[in-house]
Amino acid sequence: MKSHTQVAVIGGGVVGASVLYHLTKGGWKDVVLIERAELTSGSTWHAAGGMHTLNGDPNVARLQQYTINLYREIEAISGQSCGMHVTGGLNLAGTKERLDWLKMAKARGRYLGMNLEILSVDEAAKMYPFIEKKHFVGAMFDPVEGHLDPWGVTNAYAKCATMAGAEIYRFTRVVDLEPRPDGSWDVVTDKGTIVADHVVNCGGLWAREVGRMVGIELPVLAMEHHYLITEDLPGVIDPKVDKFHVIDFEGEIYMRQERGGMLIGTYEKACVPWSEYETPWDFGQNLLPNDLDRIAPSLEIAFEHFPELGKAGIRKVVNGPFTFAPDGNPLVGPIKGLRNFWVACGVMAGFSQGGGVGLALSNWMIDGDPGFDIWGMDVARFGDWATLAYTNAKVRENYSRRFRIRFPNEELPAARPLRTTPIYDRLVAENAVFGEYCSLENPLWFAPKGVAPREDVTFRRSNAHDHVGAECRAVRAGVGMTEIANYGKIEVEGPRAAEFLSYVMANKLPPVGKLALTPMLNEKGRLIGDFTIGRYAEDKFLLVCSYAAETYYMRWFERHVPPSGVHIRAASMDYPGLSIAGPKSRELLQAVTREDVSNEKLPFLSFRRIDIGMIPALVGRVTFTGDLGYEIWVRPEYQRALYDLLLKEGERFGLKQFGMRALLCMRLEKSFGTWMREYRPIYGPYEAGLGRFVDLKKNDFIGREAAAREKESGGRLRLQTFAVDALDADAFGDEPIWHDGKVVGWVTSGGYGHSVNQSLALGYIPKELVLANDGFEIEIIGERRPAKRLDAPIFDPQGLRMRS
């Protein structure tokens, strides 16, 4: 074992081997992989080896496409066969809702270059004749599905890496990780210590244990997973023709041909975690005891849906553990607070995603940026609320729902309520219907008296539609109030706070007593944040942002903050605010404060300390509704008093409470974008319509040169608003945008503008099309609906109300 290396990758499964290969491919040759046993020991060796490109997140789907296309490359370089069988796959729909879901998946595939095909039941049965047609209503065929050899793939990655200069230490266990003052690590093994400039945790089943060596608790949990292989089915399956690859969503089973029989796997509802608290270090190429009784309900459905399977005996049963994160996506990236420590774990679909994970992480380490939008995989999407018990509850839920539909308006019940604000009980009493965001309960809409606070899950307009509409109209006509505790808040203070913020933000900072809206860019000039900055003293700032990205932002700030003179603190739960909005909101605010809040004294984008009744508050003259309004931030101990005061004084103004659904509808009416939808690292500020908030004349800032180049070139895309001729369903995101019969872009957000009685969508199209208003269509649940590009926001296009 060498004494020093640039990177030590811990874990020799398919993900660790992929990371090692991609580091060498990117030019870092002095890298090692340390594996406690043999390569593939853990969960890789017993995997079923399925691969597919289909994913609900288009950005993850792109990385899955990359992974599958990569296998021919590593076979050619290494000479090691990956055992690829690209059979194509049939995704079966047993309900109308599932068929709708497949139609939407096909639509997403249009702008991803995927050649997906919707089939009738009869067409599906011709392809796979053992289907019992009465249980299905349709299907989708994906030509790029299949299976491979897990051992072959892992060793192909490993051989490619060692041919390029990497070293692999098998049967060597990492026992401790100790940070060094220069940011490198002592990697202590049972065979000696190696100093590594960077450490990557690809520990798989042992990712938690490796994380604990550096003081973190990663939100991953292993689940028992069964699959079985049947005896041969002569007359049904020809072992010489490998073509069967099937997912039966309603049956919650997947199947593929295994020579003359079938491999059948299930994500059963009665799921069982494995080794919930600690993974034994001596667990190697072991399997778990079979529990066929537990998966019997799923097998019964399989035999009912595919009767020929019930006639075959069982040749082999496999029950092995593999790991999940709470939302089922991998955990990838650097860890906040730890220099040069990276993770790539929780990759439950390793043979569909492992190549993309390795590419993104190696790019990140070498170039400082993953090169793709991998927010759905970023380890920073989880905060310290993702405890061991939270992870356990959410992973169980996710596993048991693996093949179930997650409707766009569906809120899942596990691990709830976990975090609540001081007015939670008040909101419950007001018939609020709650959603969960970063484990925090927040009101989505309010059911009127006598109406059950419950929402039907659907791809179409739900029973909440009219009630949300009433909330929107009340705001536009008078005044409404909503809780905004689920906004992210970060305090930045100190003598060098302004200097620091001016360097990391693209816009100039506001003077004291004012707000400024600003994007935050990476070195490539891509959007990595969207902030409202309030300055309430020369050296004191409150940043309002997306709560989901709080850890992501803190990690970025940590990377760029000077060694002294700046104090940064995540403060989201320290300011559980309320917002009031609408033409009567100023009258309401004036009724509860002695301060003069007239437009002359408190104009648009003001930000200052104001006493609301007896309550000290920070008040900003801005709202996400795009109307006249205010955001009122108070400490938690004052929120109940503020809520009660505004409710009481608001009665005479007709105050109505509204929830997040109404807020999002109103922001669409104003063409306001939001983080994770319109603003992501694949877009530049000029493409996203944020160019007016980029000040190229101020001091140097991160991404300035790239932003200047984008301004000069115009970029490739433009964010636009569309009025859609929808029926009973609105766009909600990721639908293709057509123009003159061709797919030209994609929707980022959609919904119904109740104030203007119009279905709306935001989305990106090529900049060359921004002069066209007509000829557009948006594909909603498989149907192309006419759409008109709007030149300005459909509500208050000149912004007179919010400035009034």
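Mentor: Buried means under 20% relative accessible area, exposed means over 50%, and partly exposed lies in between, as found with a 1.4 Å probe on protein chains only. The structure above is a predicted model, in which local features need pLDDT of at least 70 and side-chain atom pairs count only at pLDDT 80 or more, while totals for chains, interfaces and linings use all residues. Residues are numbered from 1 along each chain as its sequence is written, and side-chain values use heavy atoms, with hydrogens and water left out.

Trainee: How many salt bridges does the count come to?

Mentor: A salt bridge is a side-chain nitrogen of Lys or Arg within 4 Å of a carboxyl oxygen of Asp or Glu. When this rule is applied, the count of salt bridges is 54.

Trainee: How far apart in the chain are arginine 460 and aspartate 100?

Mentor: Their side chains meet in a salt bridge, with N to O at 2.8 Å. Helices (H or I, at least four residues) and strands (E, at least two) are DSSP runs numbered from the N terminus. Arginine 460 lies in the loop between strand 22 (440-446) and helix 11 (465-477), whereas aspartate 100 belongs to helix 3 (residues 96-112), so that the pair links distant parts of the chain, and the separation is 360 residues.

Trainee: Is aspartate 100 buried or exposed?

Mentor: Its partner arginine 460 has 26% relative accessibility and therefore counts as partly exposed. For aspartate 100 the relative accessible area is 5%, which means that this residue is buried.

Trainee: Which residues are linked with Asp100 in a network of salt bridges?

Mentor: We have already met Arg460 as a salt-bridge partner of Asp100. Besides Asp100, the network links Lys96, Arg460 and Asp728.

Trainee: Where in the chain is the salt-bridge partner of arginine 315, glutamate 231?

Mentor: The side chains of arginine 315 and glutamate 231 meet in a salt bridge at 3.9 Å, N to O. Arginine 315 is in strand 18 (residues 314-324), 84 residues from its partner, and glutamate 231 is in the loop between strand 13 (221-230) and strand 14 (245-248).

Trainee: Which strands are the edge strands of the open sheet with the order 3-8-4?

Mentor: Two strands pair if DSSP finds at least two bridges between them. In this open sheet of 3 strands the pairing is antiparallel, and strand 4 pairs with strand 8 (residues 146-147) over 2 bridges. An edge strand pairs on one side only, which here describes strand 3 (50-51) and strand 4 (85-86).

Trainee: How far from cysteine 438 is the nearest cysteine sulfur?

Mentor: A disulfide is a pair of cysteine sulfur atoms within 2.5 Å, and a search of the whole structure finds 0 of them. Cysteine 438 is in no disulfide, and the nearest cysteine sulfur, that of cysteine 545, lies at a distance of 11 Å.

Trainee: Which helix gives the most to the largest nonpolar core?

Mentor: A nonpolar core is a set of buried Ala, Val, Leu, Ile, Met, Phe, Trp, Tyr and Cys residues joined through side-chain atoms within 4.5 Å. The largest has 137 residues, and those with the most contacts inside it include Leu543 and Phe557. With 7 residues, the element that gives the most to this core is helix 3.

Trainee: Which residues is phenylalanine 557 in contact with, leaving aside its neighbours within four places in sequence?

Mentor: Contact means heavy atoms within 4.5 Å. With those neighbours left aside, the residues in contact with phenylalanine 557 are Ile490, Phe500, Val504, Met505, Met520, Phe531, Leu543 and Ile568.
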